[in-house]
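Hi everyone, thanks for coming. Have a look at the model on the screen while I talk, and we'll go through it piece by piece.

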Amino acid sequence: MIEFRIFSCRMAQSRIPSHIALYDSSYVILFDNGSWSSEGVPRSLFKKMHQATSNIEFVSLGPYKQCFLRLDNGEIFYYVKDRDTRDELKNSNDKPYKLWFSDDDGYILQYADLSLSWNNIPRDFHNKLNRRKKTLTRVENITFGCDNTWWVSFDDGTACWSQNIPSYINKHLKHTKYFVLDPYDRNNYYIFKEDGSSMWQVNDDFDDDINEEEEDDNDDVVYINPRRIRYTQTSISRTLI
């Protein structure tokens, strides 16, 4: 039996995703032209995004409808379950800049000066961040996946990731500029490559939103629905004849 893993992919186009948040197949896609798309996000977050008076720069999704939003005018909005985390966000000396949620009630909080605080993150990631403090490189992006998987990029252009990221994803990470995992669903991911191409597997709504653009710009799009297709030698021969 022959098994093909089919994913969606596209080359560079006029409207490029600049940021993506995933949790349990809910998502927010921010585009470089200031537009955005979303599906399944908490109602309070959706309302805040619609009411935004300036462009959205960062958004994250987490368990229990947790979320964090930052606009380019510096305004932030968040909902977090843990009281200590809420107090830290509210009373911090420096303004919160980014917040990433894990699948195990953990988080990493980055402040406007790019310093970090965290709680309940995988030990190997904790050790990696502590070692990086000595090099003075600053964290640029973080993503958490299922089973304590993680990926982090730094402002010097380097990146590192956990060893247990699935092999069919891991093999694409060497030349990755931006990467997003889903902390709830291990099958969901998005990869933006250094050459401007991207690949992902989420759901049909995500495909439609990320491929939506003006009709005249569709010539450079390659689109395949993300799903597993199994062929036997007999059935595939009929398809190819």
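Of the 241 residues in this protein chain, 45% count as buried. Keep in mind that this is a predicted model. The chain has six helices and 18 strands. If you take the contacts between residues at least 6 apart in sequence, 41% of them join residues at least 24 apart.

So how far can we trust what we see? The chain averages a pLDDT of 85, and 82% of the residues score at least 70. Confidence is highest in strand 6, at a mean of 98, and lowest in strand 1, residues 2-6, at 40. Residues 1-6 have a pLDDT below 50, and in the model that stretch has 23 contacts beyond its near neighbours in sequence. Residues 214-241 are also below 50, with 49 contacts of that kind. Where pLDDT is low, we shouldn't read the predicted coordinates in detail. Please remember that when you zoom in on those two stretches.

Okay, on to the inside. In soluble globular proteins, nonpolar side chains tend to be buried together. Here, the largest nonpolar core has 22 residues, and Leu99, Ile108, Phe125, Ile142, Phe144 and Val152 have the most contacts inside it. Two or more residues each come from strand 9, strand 10 (107-111), helix 3, strand 12 and strand 13. Which element gives the most to this core? That's strand 10, with four residues.

Let's click on Phe125. Leaving out residues up to four places away in sequence, Phe125 touches Ile108, Ile142, Phe144, Trp150 and Val152. There's also a second, separate core of 14 residues, which includes Val41, Met49, Val59 and Leu69.

Now for the empty space. Rolling a probe the size of a water molecule over the atoms shows where empty space is left. How many cavities of 30 Å³ or more does that give us here? The count comes to one. This cavity holds about 170 Å³ of space. It's lined by 19 residues, and Ser60, Trp100, Ile142, Thr143 and Val180 are the closest to its centre. You met Ile142 a moment ago, among the residues with the most contacts inside the largest core. Strand 3, strand 6, strand 9, strand 12 and strand 15 each give two or more residues to the cavity lining. By class, that lining has 15 nonpolar residues, four polar ones and no charged ones.

Next, the pockets, which are open. The largest has a volume of about 590 Å³. Of its 32 lining residues, Ser18, Glu140, Asn141, Lys177 and Tyr178 are the closest to the centre. Several elements give two or more residues to this lining, including strand 3 (17-23), strand 4 (26-31), strand 12 (139-144) and strand 15 (176-181). What's the make-up of this lining by class? It has 14 nonpolar, 10 polar and eight charged residues. Compare that with the cavity lining, which has no charged residues.

The second largest pocket holds about 220 Å³ of space. It has 11 lining residues, and the closest to its centre are Leu114, Leu116, Lys133, Thr137 and Arg138. Helix 3, residues 123-133, gives the largest share of that lining, with three residues. The classes here are six nonpolar, two polar and three charged.

Let's stay on Leu114 for a second. Leu114 sits in the loop between strand 10 and strand 11 (116-119). Most residues other than glycine have a negative phi. Leu114 isn't a glycine, yet its phi is positive, about 75°. Asn148 does something similar, with a positive phi of about 65° although it isn't a glycine either. You'll find Asn148 in the loop between strand 12 and strand 13.

Are these two buried or exposed, or somewhere in between? Leu114 has a relative accessible area of 29%, so it counts as partly exposed. Asn148 is at 42%, so it's partly exposed as well.

Last stop: His50, in helix 1, residues 43-51. His50 counts as exposed because its relative accessible area is 53%, and the cut-off for exposed is over 50%. His50 and Trp36 are 14 residues apart along the chain, and their C-alpha atoms are separated by 9.9 Å.

That's my tour, so feel free to spin the model around yourselves.

Methods: Residues are numbered from 1 along each chain as its sequence is written. This is a predicted model: local features need pLDDT of at least 70, side-chain atom pairs count only at pLDDT 80 or more; totals for chains, interfaces and linings use all residues. Side-chain values use heavy atoms; hydrogens and water are left out. On a 1 Å grid over the protein atoms alone, a cavity is a set of points where a 1.4 Å probe fits but cannot get out, and a pocket is an open set with protein on both sides within 12 Å along at least five of seven lines; lining residues have an atom within 4 Å of a point. Grid points are joined across faces, edges and corners, and a volume is the space filled by probe spheres set on the points. Ala, Val, Leu, Ile, Met, Phe, Trp, Tyr, Cys and Pro count as nonpolar, Asp, Glu, Lys and Arg as charged, and the others, Gly among them, as polar. pLDDT is the predictor's confidence in each residue, from 0 to 100. Contact means heavy atoms within 4.5 Å. Buried means under 20% relative accessible area, exposed over 50%, partly exposed in between (1.4 Å probe, protein chains only). A nonpolar core is a set of buried Ala, Val, Leu, Ile, Met, Phe, Trp, Tyr and Cys residues joined through side-chain atoms within 4.5 Å.
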